[in-house]
Amino acid sequence: MSKDKKRLFSKQYCALLVGCLFSGYSCAQDVSQETSNNAASVSPTIKEDHSGWLSYIPKIIDTTPTLLPEQSDLPQVPTTTETENRTWADQTQKSIRNWADQTAVKMDNWFGESNPDKPATATLRILADNSWNKYDNYEIQPRIRGKIRLPTLEKRLSVVFGDDSLDNEIYNNIAITNDNPTNTSNKSLDRKQIKDDNGSIALRWSQMSKKLPFNVDADLGIRSGSDIYARLKAEKDWDLSNNFSFHAEQIYRYGIKSENYLRTNLELTHARPHEAFLSSQFSLTYADDQEDNLTWDNRIYRQHQFFQNNRFNYGIYTGGYYNDSDLRLNSWGPFISWRQPLWREWFFVQGDLNYFNDHREDRSNFFSALIRLEALF
């Protein structure tokens, strides 16, 4: 598609999403108001609204037998405070954590006197994503993402750095994904690609205005070494009836080199206290530097928690693209995922097993495995 057509398409996409976002907010407010009115007009003993097609989803779940253990929040690993001086790895994690917090406090002091009750803090994630399938073989992608919070400033300002594509994922994204294109060289470790992917740094203003109906973050920074960019992210949560909730995120980024990038993240969840929940995570992406006009992904899944910070998911994935008036379901299949802390509270392992096809590459359903090792500081 030509550049002019892409620009026109991006403008139409922007207008459509802004309209949808505000319409969704209005509709959710109407649903909330209607639910409140209905609740006031019925007997106080009725706690749930069982009308509507959404009510059939929990009914089906309730009638489905399960052999899995009950939900639990009991810890399976010792706390970081208990282990921080035991081994060389624990001491290193503590040193890096303290260094990051001390650096944050020093930066915060540049802008005024820090409040000891609300000190500046820093968080750091170091990840190693390992993937394998019979077509692409083995690949490893080290990733890093950090955030330094500076509470002294009147506006909530922070410094974010590392792989910015991690911030494009919906909160609590259940799958191991990566917005950045994989390397095309026949190497399992592409150092140049790793440097470019993790070479982002930006200033972030959070909660820019309390008058807006959404939470808004604004970034100004540089990515991939020379791509100066500005980024806006708006998000909102709605509580619906019958234990349903809805979450929406809209991201827009413009870079001098990468130009327009737009992504919509939506999540509909049915969750009861202390029970496994059912959810659907949907994403829609437009980017000037991608091959298709639009790409989309959706995961419908069930999530269990058998102990603290554990996550077990299984469900169905569908994904596809829209290009030159061609809307295509390109990939689908079942998946399972398991995430838990391993030995320590600050070290996580996640394993994903997928059985997807790829119509564009003429690949029938095949197994792929991904393992993520993640250290938190």
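Two strands pair if DSSP finds at least two bridges between them. That idea runs through several of the close-ups below, and every one of them comes from a predicted model.

**Close-up 1. Strand 5 and strand 6 side by side.**
Let's begin with strand 5 (residues 215–223) and strand 6 (residues 227–239), which are antiparallel partners with 9 bridges between them. To find your place, look for Ile222, whose bridge partner in strand 6 is Ile228. The two strands make a hairpin, with 3 residues between them.

**Close-up 2. Ser224, in the loop between strand 5 and strand 6.**
Here we zoom in on the turn we just passed. Ser224 isn't a glycine, yet its phi is positive, at about 55°. What makes that worth a look? Most residues other than glycine have a negative phi. Is Ser224 buried, exposed or partly exposed? With a relative accessibility of 33%, Ser224 counts as partly exposed.

**Close-up 3. From strand 6 on to strand 7.**
Strand 6 also pairs with strand 7 (residues 244–255): the two run antiparallel and are joined by 11 bridges. One pair to pick out is Tyr229 with Gly255, its bridge partner in strand 7. This is a hairpin too, with 4 residues between the strands, and Asn242 has a positive phi near 60° there.

**Close-up 4. Strand 8, strand 9 and strand 10.**
Further along the chain, strand 8 (residues 259–270) and strand 9 (residues 277–287) are antiparallel, with 10 bridges pairing them. Thr269 is a handy landmark, as it stands opposite Ser279 in strand 9. There are 6 residues between strand 8 and strand 9 in their hairpin. On we go to strand 10 (residues 294–304), which runs antiparallel to strand 9 and is joined to it by 9 bridges. Here you can look for Ser283 and its bridge partner in strand 10, Asp297. The hairpin that links strand 9 to strand 10 goes through 6 residues.

**Close-up 5. His274, in the loop between strand 8 and strand 9.**
His274 sits in the turn of that hairpin. Its phi is positive, near 65°, in a residue other than glycine. Buried or exposed? His274 counts as exposed, because its relative accessibility is 76% and the cut-off for exposed is over 50%.

**Close-up 6. Helix 4 and its two faces.**
Now for a helix. Helix 4 covers residues 88–109, 22 residues in all, and reaches 32 Å from its first C-alpha to its last, close to the 32 Å expected at 1.5 Å a residue. Which of its residues are buried? They are Asp90, Gln93, Arg97, Ala100, Ala104, Met107 and Asp108. These residues are on the same side of helix 4, because they cover an arc of only 130° around the axis. Turn to the face away from that buried side and you'll find the exposed residues Trp88, Trp99, Gln102 and Lys106. What covers the buried residues? Helix 3 (80–83), strand 1 (121–133), strand 2 (137–150), strand 3 (156–162) and strand 14 (363–376) are included in that cover.

**Close-up 7. The largest nonpolar core, with 8 residues.**
Its members are Ala100, Ala104, Met107, Ala120, Ala122, Ile148, Leu150 and Val159. Two elements, helix 4 and strand 2, give two or more residues each to this core. Helix 4 has the largest share, 3 residues. Follow Met107 to see some of the packing: leaving aside residues up to four places away in sequence, Met107 touches Ile148, Leu150 and Val159. As a general backdrop, nonpolar side chains tend to be buried together in soluble globular proteins.

**Close-up 8. Ser206, in strand 4 (residues 200–206).**
Ser206 is buried, with 11% relative accessible area. Beyond residues up to four places away in sequence, Ser206 touches Arg156, Val216 and Asp217. With Asp217, there is also a polar contact of 3.5 Å between the side chains.

**Close-up 9. Asp358, in strand 13 (residues 347–358).**
Our last stop is Asp358, which counts as buried at 19% relative accessibility, because the cut-off for buried is under 20%. Not counting residues up to four places away in sequence, Asp358 touches Asn330 and Arg363. Asp358 and Asn330 are 28 residues apart in sequence, while their C-alpha atoms are 5.8 Å apart in space. What joins the side chains of Asp358 and Asn330? It is a polar contact of 3.2 Å.

Terms used:
Residues numbered from 1 in each chain as written. Predicted model: local features only at pLDDT ≥ 70, side-chain atom pairs only at ≥ 80, totals over all residues. Heavy atoms only, no water. Expected span 1.5 Å × (residues − 1). Buried < 20%, exposed > 50% of the residue type's maximum accessible area, 1.4 Å probe, protein only. Arc of directions from axis to C-beta. Contact = heavy atoms within 4.5 Å. Polar contact = N/O pair within 3.5 Å; in protein donor to acceptor, adjacent residues only side chain to side chain. Core = buried A, V, L, I, M, F, W, Y, C linked by side-chain atoms within 4.5 Å.
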